[in-house]
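User: Please take a close look at the charged side chains that are joined to one another, and follow the chain outward from there. I would like one connected account.

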Amino acid sequence: MIEHPNTYIEHTLLKIDLTDREVDQLISEAKRYQFIGVCIPPFWVKKVSRELENSTIQLVTVIGFPLGYQQTASKLHEIEMAIADGADELDLVMNVSAFKSGMNWSKIEMAKAAQLAHQQQKILKIIVETALLTKEEIAQVSKIVSDAGADYIKTSTGFASRGASIDDIEIMKANVAPHVGIKASGGIKSREQLEALVNAGADRIGTSAGVQIMKAYE
């Protein structure tokens with residue numbers, strides 16, 4: 001049993017048609033359950049930053065989302081804007097296209113993003129989209145993320161054919177450096193899933209079902 005599940009959960013709202021009322025609800029729920037963080041689109045960062053002022057809840061947003069094949073300069077500009085608007089943590093989508101083409105550019109891009117985030121004392125997570133990778137590629141990417149200086153590796157955007165799996169987490173755990181955290185995301189809806197992923201090695205859980213999961217502990 002996980003004693004404090006809220007300390008793993010990033011309460012997430014990334015659907016395309018989200019409304020301001022849903023953002024307000026997300027904030028209210030995050031405060032009620034004291035989740036470790038909220039994950040929202042860049043457009044809403046400034047508003048949510050104001051609402052979470054003087055809170056310990058981390059404000060997470062996404063960069064290069066959801067496909068990751070933007071130019072690096074565009075992603076870096078997104079990071080700069082997100083930080084200026086109040087983001088604490090940046091979840092950057094890896095350039096899977098470059099990686100699949102055998103290019104070293106994915107690692108270079110991650111390193112540039114990590115340097116930029118760390119200059120501002122912010123956290124960088126790399127979304128690798130495990131649904132598009134083989135087990136061997138997940139292992140390879142885990143090492144790349146570690147070497148590039150990112151703080152976390154994240155399984156999924158939630159927009160691909162599947163989200164996080166136990167196998168994904170175990171492979172990542174075996175291949176990232178000890179100081180690199182693991183964020184499981186995509187399709188996590190239950191207490192049982194959360195506990196299985198945490199027990200496999202996940203340090204963060206990205207989910208839109210945070211309230212539902214917390215109620216399972218009541």
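Analyst: Salt bridges link Glu10, Glu89, Asp91, Lys125, Lys154, Lys183 and Arg204 into a network; a salt bridge here is a side-chain nitrogen of Lys or Arg within 4 Å of a carboxyl oxygen of Asp or Glu. The model is predicted: local features need pLDDT of at least 70 and side-chain atom pairs pLDDT 80 or more, while totals for chains, interfaces and linings use all residues. Residues are numbered from 1 along each chain as its sequence is written, and side-chain values use heavy atoms, without hydrogens or water.

Within the network, Arg204 and Glu10 form a salt bridge with an N to O distance of 2.4 Å. Arg204 belongs to strand β8 (residues 204-207) and Glu10 to strand β1 (residues 9-12), so this contact links distant parts of the chain, 194 residues apart; strands are DSSP E runs of at least two residues and helices are H or I runs of at least four, numbered from the N terminus. Arg204 and Glu10 are both buried (under 20% relative accessible area; exposed is over 50% and partly exposed in between, with a 1.4 Å probe and protein chains only).

Lys125, another member of the network, also lies over the face of an aromatic ring, that of Tyr152, at 5.7 Å from the ring centre. A charge counts as over a ring if NZ of Lys or CZ of Arg is within 6 Å of the centre and within 35 degrees of the ring normal. Arg191 is placed over a ring as well: it lies over the face of Tyr217, at 4.2 Å from the ring centre.

Arg191 has a salt bridge too, with Glu195, whose closest O atom is 3.3 Å from the closest N atom. Helix α8 (residues 191-200) holds both Arg191 and Glu195, which are four residues apart, about one turn of the helix. Glu195 has a relative accessibility of 14% and counts as buried, whereas Arg191, at 21%, is partly exposed.

The structure holds 17 salt bridges. Among them is the one between the side chains of Lys135 and Asp167, at 3.7 Å from N to O. Lys135 is in helix α6 (residues 135-148) and Asp167 in helix α7, so this pair ties together parts that are 32 residues apart in sequence. Lys135 counts as exposed at 51% relative accessibility, while Asp167 is partly exposed at 38%.

On the N-terminal side of α6, the loop between β5 (123-127) and α6 contains Glu129. Phi of Glu129 is positive, near 55°, although Glu129 is a residue other than glycine. Its relative accessibility is 6%, so Glu129 counts as buried. Asn54 likewise has a positive phi, about 70°, and is not a glycine. Asn54 is found in the loop between α2 (45-51) and β3, and with a relative accessible area of 80% it is exposed.

The loop of Asn54 leads to β3, a strand that is mostly covered, with five of its six residues buried. Strand β2 (residues 37-40) runs parallel to β3, and four bridges join the two; strands count as paired if DSSP finds at least two bridges between them. One residue pair in this register is Cys39 with Val60, the latter being the bridge partner in β3.

Aromatic contacts link further parts of the chain. Three aromatic pairs are present in the structure. One of them is Phe65 with Phe159, an edge-to-face pair with 5.2 Å centre to centre and 90° between the planes (rings of Phe, Tyr and Trp, the last by its six-membered ring, pair if their centres lie within 6.5 Å; planes under 30 degrees apart are stacked, over 60 edge-to-face, the rest tilted). Phe65 is in the loop between β3 (58-63) and α3 (72-85), and Phe159 in the loop between β6 (152-154) and α7 (166-175), so the pair ties together parts 94 residues apart in sequence. Phe159 counts as partly exposed, at 39% relative accessibility.

Phe65 also takes part in a cis peptide bond, which joins it to Pro66, with omega about 0°. Pro66 is likewise found in the loop between β3 and α3.
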